[in-house]
Amino acid sequence: MRKLKRLGRSASDILTYVVLAVLGILWVLPIVYLVYTAFRVTPSTGIINTLFPKDLRLGFGNFTRLFQDTIFSRWLGNTLLVSFSSCALTTAFVLMVSYALSRMRFRLRKPLMNVLLVLGMFPGFMSMIAVYFILKAMSLTNSLFALILVYSGSAALSYYICKGFFDTVPKAMEEAAILDGANQPMVFWKIILPMAKPIIVYTVLTSFISPWCDFIFVNTIISDRNKYTVSLGLYKMINAEKNSFNDNFTVFCAGAFIVGAIIVTLFMSMQRYYVEGVTSGAVKG
């Protein structure tokens with residue numbers, strides 16, 4: 001019986017590893033193909049004609065075409081401006097709202113928290129039409145400032161993780177600082193925030209990724225080619241003309257490689273703090 005149990009466990013372990021290996025290959029294969037296509041010399045799509053063309057030479061020609069034949073550098077600058085601005089505003093809003101809900105006690109605190117939590121569950125694109133007409137009435141469409149407003153306007157709805165972290169900070173530390181003469185802003189800036197580095201990094205990463213990767217709101221609000229972000233610019237590039245997809249697919253992959261490399265580098269450099277922020281904020285408050 002013991003041998004049968006061991007054989008059964010071994011078989012289940014082998015099956016589990018096989019399934020995980022297959023899923024891992026399926027997950028990594030598109031990324032490998034994108035990197036390979038970004039550095040490939042042949043301009044044809046490959047995915048339509050043949051997966052592995054005869055000419056397997058690699059080079060930086062697609063990146064040269066990307067920066068010389070398009071205004072990718074301007075698109076990248078627009079994306080960086082919107083992402084950094086939205087990230088700063090979102091982080092400030094989330095930290096202030098989370099700290100207030102964690103420390104202050106008022107009559108409608110619980111209902112307000114529940115309403116914010118429910119509203120945060122709805123996908124943002126559901127409000128896309130309403131947001132567009134509001135911005136149009138304010139003459140803010142087709143501007144990067146409108147994108148910053150859209151991305152940072154609903155920042156307070158993501159308060160719960162950050163609030164969970166602040167709930168773990170002992171109130172006795174704040175009370176001792178107040179007894180020593182510190183006021184509430186001093187307590188927040190000089191005591192709470194230095195201790196909240198993991199949750200700040202988590203908030204910065206999550207608030208940076210959203211505008212960096214967004215396509216729906218940019219496509220709705222922006223129509224000026226010079227104000228595109230990279231997601232919209234690359235999409236328009238391969239769909240500008242009838243044969244532009246086949247001609248510009250490798251250039252598109254080069255742009256996607258740059259966009260992905262930036263966000264992956266940022267995430268990997270802060271991964272430790274990101275994990276600490278998620279785990280430390282995942283408490284019930």
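When two helices are said to meet here, contact means heavy atoms within 4.5 Å. Keep that in mind as we walk through this model, which is a predicted one.

Let's start with helix 3 (residues 72–103) and helix 7 (residues 160–167), whose axes lie 8 Å apart and pack at an angle of about 50 degrees. An angle from 35 up to 65 degrees is neither roughly parallel nor roughly perpendicular, so helix 3 is oblique to helix 7. Their crossing is right-handed. If you want to find the contact on screen, pick out Val94, Leu95, Ser98, Tyr99, Leu101, Ser102 and Arg103 on the helix 3 side. Across from them, helix 7 brings in Cys162, Lys163, Phe166 and Asp167.

Now move along the chain to helix 8 (residues 171–179) and helix 9 (residues 184–195). The axes of this pair come within 10 Å and cross at roughly 140 degrees. Antiparallel would take an angle over 145 degrees, and helix 8 and helix 9 are therefore oblique to each other. This crossing, too, is right-handed. Helix 8 makes the contact through Met173, Glu174, Ala177 and Ile178, while helix 9 uses Gln184, Val187, Ile191, Ile192 and Met195.

Finally, swing back to helix 1, which covers residues 2–38 and includes Leu20. Leu20 also belongs to a nonpolar patch on the surface. Its partners in the patch are Ile14, Leu15, Tyr17, Val18, Val19, Val22, Leu23 and Leu26. Taken together, the patch residues have about 910 Å² of accessible area.

Definitions and conventions
Residues are numbered from 1 along each chain as its sequence is written. This is a predicted model: local features need pLDDT of at least 70, side-chain atom pairs count only at pLDDT 80 or more; totals for chains, interfaces and linings use all residues. Side-chain values use heavy atoms; hydrogens and water are left out. Patches are made of residues with over 30% relative accessible area and no salt bridge: like charges are joined within 9 Å, nonpolar side chains (Val, Leu, Ile, Met, Phe, Trp, Tyr) within 5 Å. Accessible areas come from the Shrake-Rupley method with a 1.4 Å probe; for residues, only the protein chains shown count as cover. A salt bridge is a side-chain nitrogen of Lys or Arg within 4 Å of a carboxyl oxygen of Asp or Glu. Helices (H or I, at least four residues) and strands (E, at least two) are DSSP runs, numbered from the N terminus. Axes are lines fitted to C-alpha atoms, for helices over the stretch in contact, and angles run from 0 to 180 degrees between N-to-C directions. Angles under 35 degrees count as roughly parallel, over 145 as roughly antiparallel, 65 to 115 as roughly perpendicular and the rest as oblique. A crossing is left-handed if the near helix is turned anticlockwise from the far one by less than a right angle, and right-handed if clockwise.
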